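Welcome, and thank you for opening the viewer. Follow the stops below in order, selecting each item as it comes up.

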Amino acid sequence: MAFHYYCRHCRQKIGDLDVDIDRRQLGLEQLSEQDEQEMIEYDKRGNVYIRSICEECEQALAKFPDYHEQDTFIQ
Ligand SMILES: [Zn+2]
């Protein structure tokens, strides 16, 4: 199973994880159904896309918390 992490703000790829583990081991089971739908996408080939945040955007958000209200602020 391949997990692809990317930044939800700038769409930058954060990393890939190609492992044979269960979703429960990733802690994804702890998410509410709504969180899961917002954060995780699946495709038919077994890829899992996880929306996260990259270091750059995390730092930007720390400096400019107002951007928190916008889903995408760098294009
Ligand atoms: Zn980013």
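Start with the whole molecule and its surface: the protein exposes about 5800 Å², and carbon and sulfur atoms supply 44% of that area. Keep in mind as you look around that this is a predicted model. Of the 75 residues of the protein, 23% count as buried.

**Stop 1: the overall fold**

Switch to a cartoon view. You should find two helices and four strands. Trace the chain from its start and the elements come in the pattern β-β-α-β-β-α. How much of the contact network joins residues at least 24 apart? Among contacts between residues at least 6 apart in sequence, the share is 45%.

**Stop 2: the zinc ion**

Now select the zinc ion and show the side chains around it. Which protein atoms are its donors? They are the SG atoms of Cys7, Cys10, Cys54 and Cys57, lying 2.3 Å from the ion. Along the sequence, these donor residues follow the spacing C-x2-C-x43-C-x2-C. Two of them, Cys7 in strand β1 (residues 2–7) and Cys57 in helix α2 (residues 55–63), are 50 residues apart, so this pair links distant parts of the chain.

Turn the view until you can see the four donor atoms together. Why is the arrangement called tetrahedral? The donor atoms subtend angles of 106 to 113° around the zinc ion, and four donors count as tetrahedral if all angles lie between 85 and 135 degrees. For comparison, the ideal angle for four tetrahedral donors is 109.5 degrees.

Before leaving, colour the two linked cysteines by accessibility. Cys7 has a relative accessible area of 0% and is buried. Cys57 also counts as buried, at 1% relative accessibility, because the cut-off for buried is under 20%.

**Stop 3: strand β1 and its partners**

Next, select strand β1. Is this strand largely enclosed or largely open? Five of its six residues are buried, so β1 is largely enclosed by the rest of the structure.

Look for the strands paired with β1. Strand β2 (residues 13–18) runs antiparallel to β1, and five bridges join the two. To see one of these pairings, select Tyr6, whose bridge partner in β2 is Lys13. The hairpin of β1 and β2 has five residues between the strands, and there Arg11 takes a positive phi near 65°.

Then move to strand β4, which runs parallel to β1 and is joined to it by six bridges. Phe3 is a good residue to click on here: its bridge partner in β4 is Val48. Ala2 pairs with β4 too, with Asn47 as its bridge partner.

**Stop 4: Asn47**

Stay with Asn47, which is found in strand β4 (residues 47–52). Asn47 counts as buried at 13% relative accessibility. Show its side chain together with that of His4: the two side chains make a polar contact at 3.1 Å. What else does Asn47 touch, leaving aside neighbours within four places in sequence? Its contacts are Ala2, His4, Glu41 and Tyr42.

**Stop 5: the second hairpin**

Select β3 (residues 40–42) and β4 together. These strands run antiparallel, and three bridges join them. One pairing to pick out is Ile40 with its bridge partner Ile50 in β4. The hairpin has four residues between its strands, and Gly46 in the turn has a positive phi of about 90°.

**Stop 6: Met39 in helix α1**

Move along to Met39, in helix α1 (residues 33–39). Met39 is partly exposed, with a relative accessible area of 25%. Draw a distance from its C-alpha to that of Ile50 and you should get 5.7 Å, for residues 11 apart in sequence. Apart from neighbours within four places in sequence, Met39 is in contact with Leu31, Tyr49, Ile50 and Arg51.

**Stop 7: Val19 in a loop**

Finish at Val19, in the loop between β2 and α1. Val19 is partly exposed, at 29% relative accessible area. Not counting residues up to four places away in sequence, Val19 touches Met1 and Phe3. Phe3 already appeared in the pairing of β1 with β4, as the bridge partner of Val48. Between the C-alpha atoms of Val19 and Phe3, which are 16 residues apart along the chain, the separation is 7.8 Å.

Key: Residues are numbered from 1 along each chain as its sequence is written. This is a predicted model: local features need pLDDT of at least 70, side-chain atom pairs count only at pLDDT 80 or more; totals for chains, interfaces and linings use all residues. Side-chain values use heavy atoms; hydrogens and water are left out. Donors are N, O and S atoms within 2.8 Å of the metal (3.2 Å for Na, K and Ca); water is not among the atoms, so sites may look incomplete. Four donors count as tetrahedral if all angles lie between 85 and 135 degrees; four count as square planar and six as octahedral if opposite donors are over 155 degrees apart and all others between 65 and 115; anything else is irregular. Buried means under 20% relative accessible area, exposed over 50%, partly exposed in between (1.4 Å probe, protein chains only). Contact means heavy atoms within 4.5 Å. Accessible areas come from the Shrake-Rupley method with a 1.4 Å probe; for residues, only the protein chains shown count as cover. A polar contact is a pair of N or O atoms within 3.5 Å; within protein, one must be able to donate a hydrogen and the other to accept it, and residues adjacent in sequence count only if both atoms are side-chain atoms. Two strands pair if DSSP finds at least two bridges between them.
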